[in-house]
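Reader: I would like to go through the labels used for this model one by one. Please set each value against its cut-off.

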Amino acid sequence: MDYLPVFLRLNERPALIVGGGRVAARKVEWLVRSGARVTVVAPQLHPELQACLSRGECAHLASVFAPEQLAGVAVVVAATDDETVNAAVSDAARRRDIPVNVVDAPELSTFIFPAIIDRSPILVAVSSAGTAPVLTRRVREQIEALLPTRLGRLARFMGERRREVKKALGFLARRAFWERIVGGTTATCVLAGDEAGAAAAFAGELRTSQLTRGTASEHSGGGEVYLIGAGPGDPDLLTLRALQLLQQADVILYDRLVPQGILERARRDAERIPVGKEVGEHRQQQRIHELLLQLTAAGKRVARLKGGDPFIFGRGGEEIELLAAHNIPYIVVPGITAALGAAAAAEIPLTHRRLAHSVTFVTGHAGEDGELHWEALAQPRHTVVFYMGIAQLPAIVAKLRAAGARADHPAAIVERAALPGQRVLRSDLQHIAALAARERIVPPALLIVGAVAAFGAADAVGALAVAAPARQALA
Ligand code: SAH
């Protein structure tokens with residue numbers, strides 16, 4: 001280890017920055033955030049520093065560097081583009097035992113700046129000891145993505161309650177208590193921005209702990225459910241919150257549509273239980289409900305992982321009804337629904353100023369009992385996305401035609417959107433069913449009907465080629 005990572009308290013202490021450019025501005029920003037009294041020494045200031053000065057966040061000494069300026073200073077940073085000045089600052093500071101950083105010159109520095117993740121009061125500092133700044137930044141980004149935005153709020157929430165807990169619980173019980181707080185509903189609520197829910201969960205947990213004298217082993221229940229939309233299949237299309245909760249869950253209940261690549265993002269030792277609907281729709285939903293109740297009763301944190309979004313043809317509504325009826329805490333994490341994933345992958349804008357002003361998501365199963373208003377769906381400037389419509393394709397086409405849609409009304413099919421082997425078929429109502437049969441389209445696939453379905457390569461020229469390998473316009 002070439003350096004000892006420590007956190008320096010600079011609140012109200014004087015810090016000197018030599019240099020008035022952009023690089024200096026970055027350092028000033030961090031020093032200001034840490035509460036230091038910052039003075040910038042430079043003949044001229046970059047506009048960013050000028051702005052900082054006019055906000056009263058720093059002072060300015062419009063001159064060149066002179067060693068006397070170091071009197072009483074707690075830290076100094078040299079950020080000029082003149083090597084001799086930087087070396088002079090380093091030398092003067094070291095003679096006075098003042099910690100000094102020279103930007104991009106570890107050999108002239110007695111301390112270096114890490115890459116910082118600021119979720120104050122939680123701070124994460126990453127360093128490669130000056131060897132690979134780009135790698136350091138990458139590591140920081142990866143950690144950053146895993147840390148919930150409200151992590152700092154959670155730390156403060158806990159800090160504000162330390163005394164209360166200290167009074168209520170003995171030494172040994174306290175640690176187990178805080179473990180349950182960070183791993184349980186209280187933390188989940190704070191991180192999701194639900195302060196009232198968090199306060200209630202915290203009070204409940206404290207009461208239980210007092211009754212059981214804080215022995216975790218006597219503590220049953222306490223489970224919770226994360227109803228997570230996994231998006232259309234590409235793991236990179238998960239939300240950050242989905243990823244964070246997958247890292248936290250003890251058990252993952254996942255649907256058939258959720259691919260391996262997404263399950264791999266979950267905590268390595270989490271139990272994974274497939275709950276696809278092959279067995280028969282009704283029985284399987286019943287089994288899911290039983291599992292949710294059993295697992296949460298055993299205190300497990302359960303991620304209920306669904307393809308797309310949980311509330312778009314995902315029976316998420318039924319599951320939260322069950323959880324609410326049993327007083328089981330849950331949160332819902334939205335996902336990119338298949339229609340949006342398919343639209344992006346196939347470059348079919350679902351609305352478009354020229355082509356469509358509204359869009360409807362329909363399940364292909366609906367409509368058999370006259371639930372749907374087919375005349376509205378058949379309007380030329382309206383987009384309809386049919387989920388689970390492939391088996392019913394000829395019937396859907398017939399209903400749209402009977403409701404007034406033209407034979408050449410555009411229609412497209414996106415099979416396996418955002419998954420390996422994705423295919424896009426473009427056609428019109430007259431030909432789409434035969435084309436799908438010929439190409440042996442199988443679920444998961446979506447049918448998109450409307451003028452936008454013909455929005456084609458000509459308009460999309462110059463679009464980012466990310467989806468290109470998967471794209472096969474067969475029509
Ligand atoms: N809750 C999911 C939908 C579940 S219904 C969501 O919001 O996306 C299942 C149907 O969704 C499938 O029959 C198919 O029509 C569609 N679907 C799901 N994933 C898909 C994908 N990757 N590509 C195309 N269609 C998909």
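Author: What follows takes the ligand, then a helix, then single residues and peptide bonds. This is a predicted model, in which local features need pLDDT of at least 70 and side-chain atom pairs count only at pLDDT 80 or more, while totals for chains, interfaces and linings use all residues. Residues are numbered from 1 along each chain as its sequence is written, and side-chain values use heavy atoms, with hydrogens and water left out.

Reader: What makes a residue count as near the ligand, and which of the 18 residues around the ligand come nearest?

Author: One of its heavy atoms must lie within 4 Å of the molecule. Of the 18 residues around the ligand, the nearest are Ile312, Thr337, Ala338, Ala417 and Ala445.

Reader: How do you know that the ligand lies between two domains?

Author: Domain 3 (224-336) and domain 4 (339-474) both give residues to the shell, so the ligand lies between them. The domain bounds come from an automatic or database domain assignment.

Reader: What makes the ligand's pair with the backbone of alanine 445 a polar contact?

Author: The limit for a pair of N or O atoms is 3.5 Å; within protein, one must also be able to donate a hydrogen and the other to accept it, and residues adjacent in sequence count only if both atoms are side-chain atoms. A ligand oxygen is 2.7 Å from a polar backbone atom of alanine 445, so the pair is a polar contact. A ligand nitrogen is 2.8 Å from a polar backbone atom of alanine 417. For methionine 388, the backbone partner is a ligand oxygen, at 2.8 Å. The protein covers 92% of the 540 Å² of accessible area that the ligand has on its own. Such areas come from the Shrake-Rupley method with a 1.4 Å probe; for residues, only the protein chains shown count as cover.

Reader: Which residues of helix α14 are called buried, and what covers them?

Author: Buried means under 20% relative accessible area, exposed over 50%, and partly exposed in between (1.4 Å probe, protein chains only). In α14 (residues 338-346), the buried residues are Ala339, Gly341, Ala342, Ala343, Ala345 and Ala346. Their cover includes strands β13 (358-363), β14 (382-387) and β15 (410-415). Glutamate 347 follows α14, with a positive phi near 55 degrees.

Reader: Why is threonine 131 called exposed, and glutamate 281 partly exposed?

Author: Threonine 131 has 65% relative accessibility, so it counts as exposed. Threonine 131 sits in the loop between β7 (122-126) and α4 (133-146). Its side chain reaches the backbone oxygen of serine 128 at 2.6 Å. Glutamate 281 has 44%, so it is partly exposed. Glutamate 281 belongs to helix α12 (residues 281-297).

Reader: What is the phi of aspartate 104, and why is this residue called exposed?

Author: Its phi is near 60 degrees, a positive value in a residue other than glycine. Most residues other than glycine have a negative phi, and most peptide bonds are trans. Aspartate 104 has a relative accessible area of 76%, so it is exposed. Arginine 315 also has a phi near 60 degrees. At 25% relative accessibility, arginine 315 counts as partly exposed.

Reader: Where are the cis peptide bonds of proline 121 and proline 444?

Author: One runs from serine 120 to proline 121, with omega near 5 degrees. Proline 121 is in the loop between β6 (115-119) and β7. Another joins proline 443 and proline 444, with omega about 0 degrees. Proline 444 is in the loop between α17 (429-438) and β17.

Notes: Helix = DSSP H or I, 4+ residues; strand = E, 2+ residues; numbered from the N terminus. Contact = heavy atoms within 4.5 Å.
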